[in-house]
Amino acid sequence: MEISEIRIKLMNDPNERLQAFCSLTFDGSFVIRDLKIIQGSKGSFVAMPSRKLMDHCPRCSAKNHLRAQFCNECGVRLNQERALKTDDGRAKLYADIAHPINSDCRETIQEQVLIAYVSELERSKLPGYVSLYDDYGEDHIAQLGEDEIVGTELSRSHRLDTAQFRQSMPHLNVTDHAPSQFAMANRTGNEEEEKFGAGLI
Ligand SMILES: [Zn+2]
């Protein structure tokens, strides 16, 4: 099996450990995307595409991330230490979606991806540089809904309602687009683990 193409999207933020996203094509036939190139303490490494593990709320059955302190649907408090532990004692919060199953394959992928990353960095300095990685528009800023654009009665009255509500309940400190208290509470936790999966294992 050969890696026939590697496409890379550079992140260009020296303060972030996430250096790039990439996709791999095998034998010109099969693509895996959402691999990450991450700055580690011993140089860059490649993390496989992964997803957050979830479980169900005991009260309402909604799905929540394993580190959620509160159910995102009904708000019941959840045990934060409920995730299974890996052999080295860390909480298992992510599962790889695609990954190598032997060290030869792991090393081949990592080596070729990191070589491609370095040449992408060089290529990015050239005028007219365009990344070939398709991000499906996830990097774009969303368009506003029509109500927001034309400032209709609906959106004006919504703002009025919020202002009146704020006056009547000043202690709540309501803002127009504040994330829910559950979402805010769930944001705490280990930042390192929130951002990345375990990497190549
Ligand atoms: Zn719930």
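Helices and strands are here taken as DSSP runs, of at least four residues for a helix and at least two for a strand, and they are numbered from the N terminus. On that basis the elements of this predicted model follow the order β-β-β-β-β-β-β-β-α-α-α-α-α from the N terminus on, which comes to eight strands and five helices. Of the 201 residues in the protein, 31% are buried. Among the contacts between residues at least 6 apart in sequence, 46% join residues that are at least 24 apart.

Helix 1 comprises the 21 residues 103-123, for which a rise of 1.5 Å a residue predicts a span of 30 Å; the C-alpha atoms at its ends are 30 Å apart, in agreement with that expectation. The buried residues of this helix are Ile109, Val113, Ala116, Tyr117 and Glu120. Viewed down the helix axis, these buried residues fall within an arc of 110 degrees, and they therefore line one face of helix 1. Such an arrangement can be read against the geometry of an α-helix, which has 3.6 residues a turn, so that residues three or four places apart point the same way. The cover over the buried residues of helix 1 includes strand 1 (3-10), strand 2 (18-26), strand 3 (30-40) and strand 4 (43-47). On the face turned away from the buried side, helix 1 carries the exposed residues Asp104, Glu111 and Ile115. The N-terminal end of the helix is capped by Asn102, a side-chain oxygen of which lies 3.3 Å from the backbone nitrogen of Asp104.

The zinc ion has as its protein donors the SG atoms of Cys57, Cys60, Cys71 and Cys74, which lie 2.3 Å from the ion. The angles among these four donor atoms are 103 to 117 degrees, and the site is tetrahedral; for four tetrahedral donors the ideal angle is 109.5 degrees. Along the sequence, the donor residues are spaced C-x2-C-x10-C-x2-C. Because Cys57 lies in the loop between strand 6 (54-56) and strand 7 (63-65), whereas Cys71 lies in the loop between strand 7 and strand 8 (94-96), this pair ties together parts that are 14 residues apart in sequence. Both Cys57 and Cys71 are buried.

The loop between strand 6 and strand 7 also holds Ser61, which has a positive phi of about 75 degrees although it is not a glycine. With a relative accessibility of 48%, Ser61 counts as partly exposed. A positive phi in a residue other than glycine is likewise found at Asp34, where the value is near 70 degrees. Asp34 is located in strand 3 and, at 33% relative accessibility, counts as partly exposed.

Strand 3 is also the place of Gln39, which counts as partly exposed at a relative accessibility of 33%. When neighbours within four places in sequence are left aside, Gln39 is in contact with Arg17, Gln19, Ser44 and Phe45. With one of these residues, Gln19, the side chain of Gln39 forms a polar contact of 2.8 Å. Gln39 and Pro14, which are 25 residues apart in sequence, are separated by 9.9 Å in space from C-alpha to C-alpha.

Key: Residues are numbered from 1 along each chain as its sequence is written. This is a predicted model: local features need pLDDT of at least 70, side-chain atom pairs count only at pLDDT 80 or more; totals for chains, interfaces and linings use all residues. Side-chain values use heavy atoms; hydrogens and water are left out. The expected span of a helix is 1.5 Å times one less than its number of residues. Buried means under 20% relative accessible area, exposed over 50%, partly exposed in between (1.4 Å probe, protein chains only). The arc is that of the directions from the helix axis to the C-beta atoms. Contact means heavy atoms within 4.5 Å. A polar contact is a pair of N or O atoms within 3.5 Å; within protein, one must be able to donate a hydrogen and the other to accept it, and residues adjacent in sequence count only if both atoms are side-chain atoms. Donors are N, O and S atoms within 2.8 Å of the metal (3.2 Å for Na, K and Ca); water is not among the atoms, so sites may look incomplete. Four donors count as tetrahedral if all angles lie between 85 and 135 degrees; four count as square planar and six as octahedral if opposite donors are over 155 degrees apart and all others between 65 and 115; anything else is irregular.
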